[in-house]
Amino acid sequence: METFARPGVGAGARTLDSRWYCSPEVYADEQTRIFGSAWLCVGRAEEIPATGDFFTVTPAGESLIVTRDGDGRVHAFFNVCRHRGTRMCQEATGHFQGSIQCPYHAWTYGLDGGLRAARNMSDVAGFDRADYPLREAAVAQWEGFIFVNLAAEPEPFAQAFAPLIGRFARWNIGGLRTRRSIHYDLRCNWKLVFQNYSECYHCPLVHPQLDKLSPSDSGRNDLLEGAFLGGYSELRTSGSSLTTTGHTARPPLGSVDGADLDRIYYYTIFPSMLLSLHPDYVVVHYVQPTAVDRTAVECAWMFDPKTMESPDFDPTDAVDFWDLTNRQDWHVSELTQRGVASRAYQPGPYSNAEGLLHAFDRHYLHVMGA
Ligand code: FES
Ligand SMILES: [Fe+2]
């Protein structure tokens, strides 16, 4: 059983220096040290249910084709033809009819990545199709999410994610389905998104609608150090949820009961996702930096597929609540980006409500070798 606490910060705990949010060199270094070697969440297995279904993603400046082969295995192929390197697939989503064909000279790959056909190559001395499969990134799945890792020798997923595996079984996240998603382009560094998510010190001012449903000082954390951080906040009313009405008509997910009916759990999963567990739905933010001062965030709302079958099912109360909360968060995060870029900015002192931010910073600096 997890134990929850509200540790404060030690004396002298301060925010990060400006360069970590503003320097193009730091951003380039992050692409190698963090996004080139960590397990990155890129979506859900439910997005590619059938053989040949695919979507493309762009972690760390790469383009990957995430698809499912005839044996049901998920692959993440580098979108790079083995002939002259051409990017092959330009669609965001789609379906391959049994193979992936390069538009340049029609080299054709199986859904397992093997090179099946290469026009006019049979008379080239020493050429063997078996030597030219598509290159692929490592793939892992957890709770219905697909993760990729660009490293040549990635840390095994089960080892990297040991603190999380099995931890959220009560919500049956793997069995949920995404009903809505909204894309946001933020004018701020990706770390400000993680840091903003990790405290509710700002909630009474920035999110009056949230503060009404969940006291901003009720946060208690059980993951306090390392790549995964978070805990729960309480709902003021038992059996409610974070919705525009403050009520919910949806039954609890999975085997959620007892104290979990009165809590919202929030976790940051370094460096690509934020996971919010409500009694009756789950929200995930997929976070991807696109420049030192730009971040793409995809927010998705997931529900129990049985509950969604009900004719009066309506996700709007959850979607609208979080869409408003998101926009409020993006606004203050963008304001912070402007401030930390100022010559007047100096690292400021963290409050005792910001222990997770200090932990995030420590982990980040450790990974950056600083
Ligand atoms: S570059 Fe792909 S077939 Fe020539
Ligand atoms: Fe917020």
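This tour visits two domains, a set of paired strands and one helix of a predicted model.

**The two domains.** Begin by colouring residues 40–158 as domain 1 and residues 168–367 as domain 2, the bounds given by the domain assignment. Their centres, taken over C-alpha atoms, are separated by 32 Å. Where the two touch, domain 1 contributes 7 residues and domain 2 contributes 11 residues. On the domain 1 side of this contact, 3 residues are nonpolar, 1 is polar and 3 are charged.

**The hairpin.** Next, select strand E3 (residues 64–68) and strand E4 (residues 74–78), which run antiparallel and are joined by 5 bridges. The two strands form a hairpin, with 5 residues between them. In the turn, Gly72 has a positive phi of about 85°. Now show Ile65, which stands opposite Phe77 in E4.

**A further partner for E4.** Keep E4 selected and add strand E9 (residues 136–142); these strands pair in the antiparallel sense over 2 bridges. Phe77 appears here again, standing opposite Glu136 in E9.

**Helix H9.** Move to residues 355–367, the 13 residues of helix H9. At 1.5 Å a residue the helix should span 18 Å, and because its end C-alpha atoms lie 19 Å apart, the expected and modelled values agree. Select Gly355, Leu356, Leu357, His358, Ala359, Phe360, Asp361 and Tyr364, which are buried in H9. To see what covers these buried residues, display helix H4 (190–197) together with strands E12 (220–223), E13 (228–234) and E14 (263–269), which are among the covering elements. Finish at Gly369, which follows H9 and has a positive phi, near 70°.

Terms used. Residues numbered from 1 in each chain as written. Chains lettered and ligands numbered in written order. Predicted model: local features only at pLDDT ≥ 70, side-chain atom pairs only at ≥ 80, totals over all residues. Pairing = 2+ DSSP bridges. Helix = DSSP H or I, 4+ residues; strand = E, 2+ residues; numbered from the N terminus. Expected span 1.5 Å × (residues − 1). Buried ≥ 20, exposed ≤ 12 C-beta atoms within 10 Å, placed from the backbone. Domains from an automatic or database assignment. Nonpolar A, V, L, I, M, F, W, Y, C, P; charged D, E, K, R; others polar.
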